[in-house]
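Got the viewer open? Load the model, switch on a cartoon with side chains as sticks, and follow the selections below.

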Amino acid sequence: KQWYQRRVRAVGNFADVINVRMQWDIKQPEAERYNYKHVVDGTSRIIRSEGIAALFRGVGPNCGRAALMNIGQVAFYDQTKDTLLRLEVIGDNTRGHFVCSFLAGTAATLITQPFDVV
């Protein structure tokens with residue numbers, strides 16, 4: 001399953017490239033902005049001006065971040081749910097799933113945060 005996730009993440013990398021550039025635009029002087037209107041505009045402009053390889057910039061670190069995100073969400077969710085059910089802190093209901101999801105999301109954010117600021 002891991003090889004599949006890496007390839008899927010690599011295919012979706014272009015969206016992250018465009019997302020980062022669109023967020024970065026806000027901090028740049030107007031003359032240095034990309035000014036993409038939307039994802040399709042950004043994709044076509046990158047391909048025309050920089051080539052298709054530019055859509056895959058940072059794919060290695062991005063796949064590493066995705067792996068850590070999965071560990072933080074899936075593994076932490078399952079472990080937290082098992083532990084809290086065993087200790088009878090939560091029930092196997094909507095409230096229990098919400099608590100475990102919240103904790104798993106927090107763990108995933110803490111784990112991936114260093115990759116987000118690099």
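Helices here are DSSP runs of H or I with at least four residues, strands are runs of E with at least two, and both are numbered from the N terminus. Before clicking, some ground rules: residues are numbered from 1 along each chain as its sequence is written. This is a predicted model, in which local features need pLDDT of at least 70, side-chain atom pairs count only at pLDDT 80 or more, and totals for chains, interfaces and linings use all residues, while side-chain values use heavy atoms, with hydrogens and water left out.

**Stop 1: Arg-21**

Select Arg-21, which is found in helix 2. Is Arg-21 buried or exposed? Arg-21 counts as buried because its relative accessible area is 10%; the cut-offs are under 20% for buried, over 50% for exposed and in between for partly exposed, with a 1.4 Å probe and protein chains only.

Now show what surrounds it. Not counting residues up to four places away in sequence, Arg-21 touches Tyr-34, Tyr-36, Ile-46, Glu-50 and Arg-57. Contact here means heavy atoms within 4.5 Å.

**Stop 2: the salt bridges**

Stay on Arg-21 and add Glu-50. The two form a salt bridge, with the closest N and O atoms 2.8 Å apart. The pair ties together distant parts of the chain, since Glu-50 sits in helix 3 (residues 39-50) and Arg-21 in helix 2, 29 residues apart. The term salt bridge covers a side-chain nitrogen of Lys or Arg within 4 Å of a carboxyl oxygen of Asp or Glu. Glu-50 counts as partly exposed because its relative accessibility is 32%.

Next, add Arg-57. Its side chain meets that of Glu-50 in a salt bridge too, at 2.7 Å from N to O. Shared partners join Arg-21, Glu-50 and Arg-57 into one network of salt bridges. With a relative accessible area of 47%, Arg-57 is partly exposed.

How many salt bridges does the structure hold? There are four. For another of them, pick Arg-45 and Asp-41, whose side chains meet at 3.1 Å, N to O. Both lie in helix 3, four residues apart, about one turn of the helix. Arg-45 is partly exposed at 28% relative accessibility, whereas Asp-41 is buried at 12%.

**Stop 3: Asp-25, without a partner**

Jump to Asp-25 in helix 2 (residues 13-25). Asp-25 is buried yet has no salt bridge. Which side chain of opposite charge is nearest to Asp-25, and how far away? That is Arg-33, at 5.8 Å. For the charge bookkeeping, Lys and Arg count as positive and Asp and Glu as negative, with His and the chain ends not counted. Leaving aside neighbours within four places in sequence, Asp-25 is in contact with Arg-33, Tyr-34, Asn-35 and Tyr-36.

**Stop 4: Tyr-36 and the cores**

From Asp-25, hop over to Tyr-36. Apart from residues up to four places away in sequence, Tyr-36 touches Ile-18, Arg-21, Met-22, Asp-25, Asp-41, Gly-42, Arg-45 and Ile-46. Tyr-36 also belongs to the largest nonpolar core, six residues in all, alongside Val-17, Ile-18, Ile-46, Ala-54 and Leu-55. Apart from that core lies another, of five residues, among them Leu-84, Ile-90, Cys-100 and Ala-104. A nonpolar core is a set of buried Ala, Val, Leu, Ile, Met, Phe, Trp, Tyr and Cys residues joined through side-chain atoms within 4.5 Å.

**Stop 5: the nonpolar patch**

Turn on the surface and select Phe-76, Phe-98, Phe-102 and Leu-103, which make a nonpolar surface patch of about 420 Å². Patches take residues with over 30% relative accessible area and no salt bridge, joining like charges within 9 Å and nonpolar side chains (Val, Leu, Ile, Met, Phe, Trp, Tyr) within 5 Å. Areas are from the Shrake-Rupley method with a 1.4 Å probe, and for residues only the protein chains shown count as cover. Helix 5 (residues 94-116) gives the largest share of the nonpolar patch, three residues.

Within helix 5, Phe-102 is exposed, at 53% relative accessible area. Leu-103, also in helix 5, is partly exposed at 32%. Leaving aside neighbours within four places in sequence, Leu-103 is in contact with Phe-76, Thr-80 and Leu-84.

**Last stop: Gln-113**

Finish further along helix 5 at Gln-113, partly exposed with a relative accessible area of 40%. Draw a distance from its C-alpha to that of Gly-96, 17 residues apart along the chain: the separation is 26 Å.
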